[in-house]
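Here is a short note for a student who is about to look through this model. Please keep the structure open while reading the points below.

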Amino acid sequence: MSIFVIGYYALLLGASCLAAYFNKRSLFMLLFTLTLVSFIIGIVGGVSALWFVTGAAALILLAGMTAYGFREFLVQILPGEASKEFKTAPLTAAFGMFVIFTYLVMGIFAPLIAPHGEAEVIASAFAPADDTMLLGADQLGRDIFSRIVYGTRNSVGLALAATVLAFLLGAIAGLLAATKGGWFDQLMGRIADVIMSIPSLIFALLMLSIFGPSIPVIIGAVAVIYAPRVFRLTRAVAGNVVVMDYIEAAKLRGEGTWYLIRKEILPNSTAPLVAEFGLEFCFVFLLVAGLSFLGLGIQPPTADWGSMVRENATLISFGDITPLIPAAAIALLTVAVNFVVDWMLHRSSGLKE
Amino acid sequence: MGDILSLVAKRLGLGLLILFIISIIIFFMVELLPGDIAQAVLGQGATEENVAALRKEMGLDKPAIVRYLEWLGGAVQFNFGNSIVTGESVTATIGPRFMNTLFLATYAAVIAVPFAIVLGIIVALLRNSIFDRVANVATLSAISSPEFFLGYILILYFAVNMGAFPAISSLSEDMGTWELLNRTFLPALTLVLVVTAHMMRMTRAAIINLLASPYIEMARLKGVPPWRVIVKHALPNAWAPIINVVALNLAYLITGVVLVEVVFVYPGIGQALVDAVSKRDFPVVQACCLIFAATFILLNLAADVGAILTNPRLRHPK
């Protein structure tokens, strides 16, 4: 029994007792379950497993504090209405916004942040970390940290471009289908059915094998694959708006289709569409990451998270976690966007569950 | 019983129709290549005679519609022609690999399905408690992580640090069952993690949806103990959504398997597809895509049929 183990259990038990004393029921349940689980983990995995739990708890605590601070910051600097909105935002959403903000800064100011160029060879292959290279060098001797920073721009930028295109295609088709109806609606619906019945990754691979992996092809292929999902949602949302009286009134006034879409339907269906944009971005981002992991995304020497994982995967068998950092960056952004979308859905539709 | 059969037959017909359209897409997309397959395979340096010879060998001198019918006719009998790169029969190459992939998906499904459903029900019962919130964040993180991230983390912990399971699942003919299960454990576990998270969330949503209905409220108000409310009142009606969830996730497994196979160098059909795509081996790509699409459609079909069978309301469409 080391000091650490004794301290660990003393802290957990003490905290649970305090929580119980002050009637914080859910906190007590969490802490006490953690204590019980720790017994099992400690017996199976030894002290190192307990260190792992401590590390994870510290990380979550740190994330929570960052989120809290960021939320307060937003509440302070934003004017009236928006500030009120953020006051009620859950910590997870604040954390998500903080992560998105960080990625934005990293992507926009990549050349200023990264100490080296993205394709610049500065050391021998797999050189260990030193003063100028925070995370060491990759398989060609390029600085991994700089490549991760540049990767923000390339990976996220590509996914964003594909999402925007998918959204434009899907939303325009959906709005037109809802307003026009008839054969156009039917045709679009059937096309969407067929595209959605092919697994997305497989369809992407098929298109990339034919047109070759270049950036416009990737953006186009991903947009075609994900546009039907946007189409369906837009059509459903707009379909509910189209039957309203004010649309009828506008039609009788003699307004054209484009006016109806722009001035009447769109403003009344933005909330679900914005949330869908976030979700769609997550799917697209994961698909693009998967493609580039398979070597079919952005081609080298451009830095890209998915392919970086694959190129440096050999390091993992030596117990080095550096190759996992870009993968973790992908996961972190997706989780962050999901948190924010959850909150937005909750707010806009009064979704209870 | 007769109306069920006709409904199922209708669904089956629709599935076949979609599969037919997909086969047209898969075949004619290759026709969109600038030049044609022979040119694309041989590259720019090829002489006229070489290209002409390959064209003749592949039957490219015939019109596309004839070749499509021949290809479809072959595909129905599991004959997908020969690989451009190796010249071997596509069926012989990917047949055993398809079996391996099916094995991996089944392995993952057998663990994931009961696990996810039980966890989903528990989380639905504990909804809005701290456990529910923790489970929510945990499953969300698992869904949001790319499959290769989970795979490599498992390799790092179980294979490199603990040495409990092999990091690379190489299979051979003469392996015992135990050895086989041991070697394929990590890829299966990766799939289990992703699919369980999905299934848990969907099961939870389905059950909570159900628990909000008035007849459950009624049962609760007349003093039925909570576990009986679940087992006697909620579960019979929950089967329909749960079966749907399971089938949809099995369909998801089929796509997820590609990345996992590459991470663990598992000799499955996903790996074959990725190799063929980078080598531009079109007959193999077409065959793999068709197989994946067919499996996907079949499982979605199973979801529909399962829903019809367990939910009598769907038997009388308005």
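1. One term is needed first. A residue is called buried if 20 or more other C-beta atoms lie within 10 Å of its own, exposed if 12 or fewer do, and partly exposed in between. With that in hand, take helix α12 of chain B: its buried residues are B:I269, B:G270, B:Q271, B:A272, B:L273, B:V274, B:A276 and B:V277. That makes 8 of the 11 residues of this helix (residues 269-279), so the helix is largely enclosed by the rest of the structure.

2. What covers the buried residues of α12(B)? The cover includes α5 (90-125), α11 (226-263) and α13 (282-310) of chain B, together with α8 (200-211) of chain A. Just after α12(B) comes B:R280, which takes a positive phi of about 55 degrees.

3. The model is predicted, and its confidence values should be read before the details. It scores ipTM 0.85 and pTM 0.87. For chain B the average pLDDT is 82, and 93% of the residues score at least 70. Among the elements of chain B, helix α10 (residues 214-221) has the highest mean pLDDT, 89, and helix α2 (residues 37-42) the lowest, 68.

4. Chain A has 14 helices and 0 strands. Its C-alpha trace spans about 80 × 60 × 40 Å along the principal axes. The chain has 353 residues, and buried residues make up 40% of them. Of the contacts in chain A between residues at least 6 apart in sequence, 65% join residues at least 24 apart.

5. Chain A is divided into two domains: domain 1 covers 3-88 and domain 2 covers 144-349. How far apart do the C-alpha centres of domain 1 and domain 2 of chain A lie? The separation of these centres is 35 Å.

6. Chain B has 13 helices and 0 strands. Taken along the principal axes, its C-alpha atoms fill a box of roughly 85 × 60 × 35 Å. Buried residues account for 36% of the 318 residues in chain B. Among contacts in chain B with a separation of 6 or more, 72% are between residues 24 or more positions apart.

7. Next, the place where the chains meet. 38 residues of chain A are in contact with 43 residues of chain B. On the chain A side, the elements that give two or more residues are α2 (25-77), α8, α12 (270-293) and α14 (324-349). By class, this side of chain A has 27 nonpolar, 10 polar and 1 charged residues. Helix α8 of chain A has already appeared above, as part of the cover over the buried residues of α12(B).

8. The largest nonpolar core has 166 residues. Those with the most contacts inside this core are A:A204, A:V222, A:V284, A:F285, A:V288, B:L273 and B:C288. Which helix of chain A gives the most to this core? It is helix α6 (residues 144-180) of chain A, with 17 residues. B:L273, on the list of the core, is also one of the buried residues of α12(B).

9. A:V222 is worth picking out in the viewer. Leaving aside residues up to four places away in sequence, A:V222 touches A:A162, A:A166, A:A204, A:V284, A:L287 and A:V288. Some of these partners sit a few places apart on a helix. An α-helix has 3.6 residues a turn, so residues three or four places apart point the same way.

10. Two residues away from that core list can be checked for comparison. Is B:A138 buried or exposed? B:A138 lies in helix α6 (residues 130-144) of chain B. It has 12 other C-beta atoms within 10 Å, so B:A138 is exposed. B:A138 and B:A197 are 59 residues apart along the chain, with their C-alpha atoms separated by 8.1 Å.

11. A:T257 lies in helix α11 (residues 257-265) of chain A. With 13 other C-beta atoms within 10 Å, A:T257 counts as partly exposed. Not counting residues up to four places away in sequence, A:T257 touches A:T179 and A:K180. A:T257 and A:I225 are 32 residues apart in sequence, and their C-alpha atoms are 27 Å apart in space.

Methods:
Residues are numbered from 1 along each chain as its sequence is written. Chains are lettered from A and ligands numbered from 1 in the order in which they are written. This is a predicted model: local features need pLDDT of at least 70, side-chain atom pairs count only at pLDDT 80 or more; totals for chains, interfaces and linings use all residues. Helices (H or I, at least four residues) and strands (E, at least two) are DSSP runs, numbered from the N terminus. Two residues are in contact if their C-beta atoms, placed from the backbone, lie within 7 Å. Domain bounds come from an automatic or database domain assignment. A nonpolar core is a set of buried Ala, Val, Leu, Ile, Met, Phe, Trp, Tyr and Cys residues joined through C-beta atoms within 7 Å. Ala, Val, Leu, Ile, Met, Phe, Trp, Tyr, Cys and Pro count as nonpolar, Asp, Glu, Lys and Arg as charged, and the others, Gly among them, as polar. pLDDT is the predictor's confidence in each residue, from 0 to 100.
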